[in-house]
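Got the model open in your viewer? Let's walk through it one selection at a time.

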Amino acid sequence: MGTFFIQQFGCRATQADGAAIERQLRQQGCALAPDSSTADVVVLNTCTVTAAADAQARDAIRKIHAANPATRILVTGCYAQRAPEEIAALPGVSFVVGNSHKPQIPRLLHSISTVFENQFAGAELACPDDGGAPPARSVHENVSLNSAPILSGNIFELTEVLVAPVLGGEGNHTRPTLKIQDGCNSRCSFCVIPFVRGKSRSLPPQTVLSEIQRLADSGFREIVLSGINLGTYGRDLTPRVEFLDLLRRILDDTSVQRLRISSIEPLDVTRDLIDFLASNNRIAPHFHMPLQSASDRILAAMHRWYRAEHYARRLELIHDRLPNAAIGADVITGFPGETEADQAATLDFIAERPFTYLHVFSYSQRPGTKAASLPGQLPGQVIKKRARELRSLADSKSAEFRRAQIGRTLRVLTLRRDPAVDLDSTPALSENYLQVRLPVALPPNQFVDATVTQIDDKQLLVAPAESLSLAVAGACS
């Protein structure tokens, strides 16, 4: 089938989907190209959480097509599910596949040449059923012969995690991401993701355990668990499975050396979950809890299910039990009706508490969401100003946390080196989610005990290479 390249956008769940596509294509004999300019087919795995994400995908399509008009571009992911006709009309796009039909991409790529020879105009593809993809349904018909074919349907008809039974991993470099949950039953007023991901659904526990063990047997030392609403894992299963019980089974029944939890809603961060992480050194001390705002008035308008006081209690529990844990948050600024007082409440809340990093998002109107029609939409320059204030505060909080690590010995995982940059050093990631620079060239995917001596820009620097040798030997044995 030739060569392919996957260009990723968006969250860890999207990245895991891309890794699964890569794995499926490799299993069918396709070769991964080093970049988009040399690939026969480029798969763009898109995000649509903001208007900026949509624009980023469109810009990528234009650049790929301009650089090599012969390259066939297949666009999939959340943007493709939300606005397939919009994407299909862009020059250079050969196929649009929504999340509803993402598992069919390997078979579709086999069919692209035939499709175009026959001037495909929206009919279902006659692909043999391999038992791993949902049947094509509700296929869009093209509104123009100049538009690319579209394969997309009702995302709410899906009852499985989209990438099952072939799961992601290898495509995510040193630290594979395993998506164990997809979709969301919540309806936050600003969020379009439930409409492009569907209802919450979970992988069966045994599938999760088998996949984690497969990754561990393949040599991966840290595995990241992800989902669209990870804390709701197992509530759709019969019998119901609790997320904390799944974590216990993973540690009991697999040999994974380090497990890391990606974003989880604050109300799902219970005292029991915090205590479990505090008592197990095989789970990274890292919590990423979306905050969005610390104004109760704005949280209510966002249809968030907690208030600032509830979030603050979680932070206190984490910091008491794990004082050096990474604590990150998503924050949205510029929500309709947000006042300077609301912004100040969020800034004060963050400044007074032990956050270690923030992901700051400028509010973006998303079609079909309740917030898009609310009064009080703010001017772009106001939103940009408030985003700058939050990012400046985030930089201060991150720097404060890094300074607190000086003198501590951290367990770090070596990452892939860039030969052009990492001549005599190695990038690494600590258990509490800090970038570390080791003063010695090491292979990736090794655990090293490193004592922090100073900070350089946004990286922690460690003791001279001689003091690392015993720790390196121990980590690699």
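Start with helix H12, and look at what packs over it. The buried residues of H12 are covered by, among others, helix H10 (296–301), helix H11 (308–321), strand E12 (326–333), strand E13 (357–362) and helix H13 (380–404). Keep in mind as you click around that this is a predicted model.

**Stop 1: helix H12**

Select residues 340–351, which make up H12. The helix has 12 residues and reaches 16 Å from its first C-alpha to its last, close to the 16 Å expected at 1.5 Å a residue. Now show the side chains of Asp342, Gln343, Thr346, Leu347, Phe349 and Ile350, which are buried. Turn the view until you look down the axis of H12: its buried residues fall within an arc of 165°, so they line one face of the helix.

Zoom in on Asp342, which lies in this helix. Is Asp342 buried or exposed? Its relative accessibility is 7%, so Asp342 counts as buried, the cut-off being under 20%. To see what Asp342 touches, leave aside its neighbours within four places in sequence and select Ser295, Arg297, Ile298 and Gly337, with which Asp342 is in contact.

**Stop 2: helix H13 and the second largest pocket**

Next, select H13, residues 380–404, and pick out Phe401 within this helix. With 9% relative accessibility, Phe401 counts as buried. Which residues does Phe401 contact, once its neighbours within four places in sequence are left aside? They are Asn324, Ala325, Ala326, Thr356, Asn432 and Leu434. Add Phe355 to the view as well: Phe355 and Phe401 are 46 residues apart along the chain, and their C-alpha atoms are separated by 8.3 Å.

Thr356 is worth keeping on screen for the pocket. Together with Tyr357, Ser398, Arg402 and Gln435, Thr356 lies nearest the centre of the second largest pocket, which 18 residues line. The space in this pocket comes to about 440 Å³. Which element gives the largest share of the lining? H13 does, with six residues. E13 and H13 each supply at least two residues of the lining.

**Stop 3: the hairpin of E17 and E18**

Now go to strand E18, residues 459–462. Show the side chains: Gln459 and Leu461 point one way, Leu460 and Val462 point the other way, and all are buried.

Add strand E17 (residues 447–456), which runs antiparallel to E18 and is joined to E18 by four bridges. One pair to click on is Asp456 and its bridge partner in E18, Gln459. E17 and E18 form a hairpin with two residues between them, and in the turn Asp457 has a positive phi of about 55°.

Then bring in strand E16 (residues 435–438), which pairs with E18 in the parallel sense over two bridges. To find this pairing, select Val436 and its bridge partner in E18, Leu460.

**Stop 4: an open sheet of four strands**

Clear the view and show the strands E8, E7, E9 and E10. In that order, they form an open sheet with mixed pairing. Strand E8 (201–202) and strand E10 (258–261) stand at the edges, each with a single partner strand, so one side of each is left without a neighbour in the sheet.

For a look inside the sheet, select strand E7 (residues 177–182) and strand E9 (residues 222–227), which run parallel and are joined by four bridges. Thr177 has Val224 as its bridge partner in E9.

**Stop 5: helix H9**

Keep E10 on screen and add helix H9, residues 271–278. Leu273, Ile274, Phe276 and Leu277 are buried in this helix. Looking down the axis of H9, you will find its buried residues within an arc of 160°, so they line one face of the helix. Flip to the other side of H9, where Arg271 and Asp272 are exposed. What covers the buried residues of H9 includes E10, along with helix H8 (243–253), strand E11 (286–288) and H11.

**Last stop: the whole chain**

Zoom out to the full protein chain, with its 14 helices and 18 strands. Of its 477 residues, 56% are buried. Among contacts between residues at least 6 apart in sequence, 71% join residues at least 24 apart.

Key. Residues numbered from 1 in each chain as written. Predicted model: local features only at pLDDT ≥ 70, side-chain atom pairs only at ≥ 80, totals over all residues. Heavy atoms only, no water. Pairing = 2+ DSSP bridges. Expected span 1.5 Å × (residues − 1). Buried < 20%, exposed > 50% of the residue type's maximum accessible area, 1.4 Å probe, protein only. Arc of directions from axis to C-beta. Contact = heavy atoms within 4.5 Å. 1 Å grid on protein atoms, 1.4 Å probe; cavity = no way out; pocket = protein on both sides within 12 Å on 5 of 7 lines; lining within 4 Å. Points joined across faces, edges and corners; volume = space filled by probe spheres on them.
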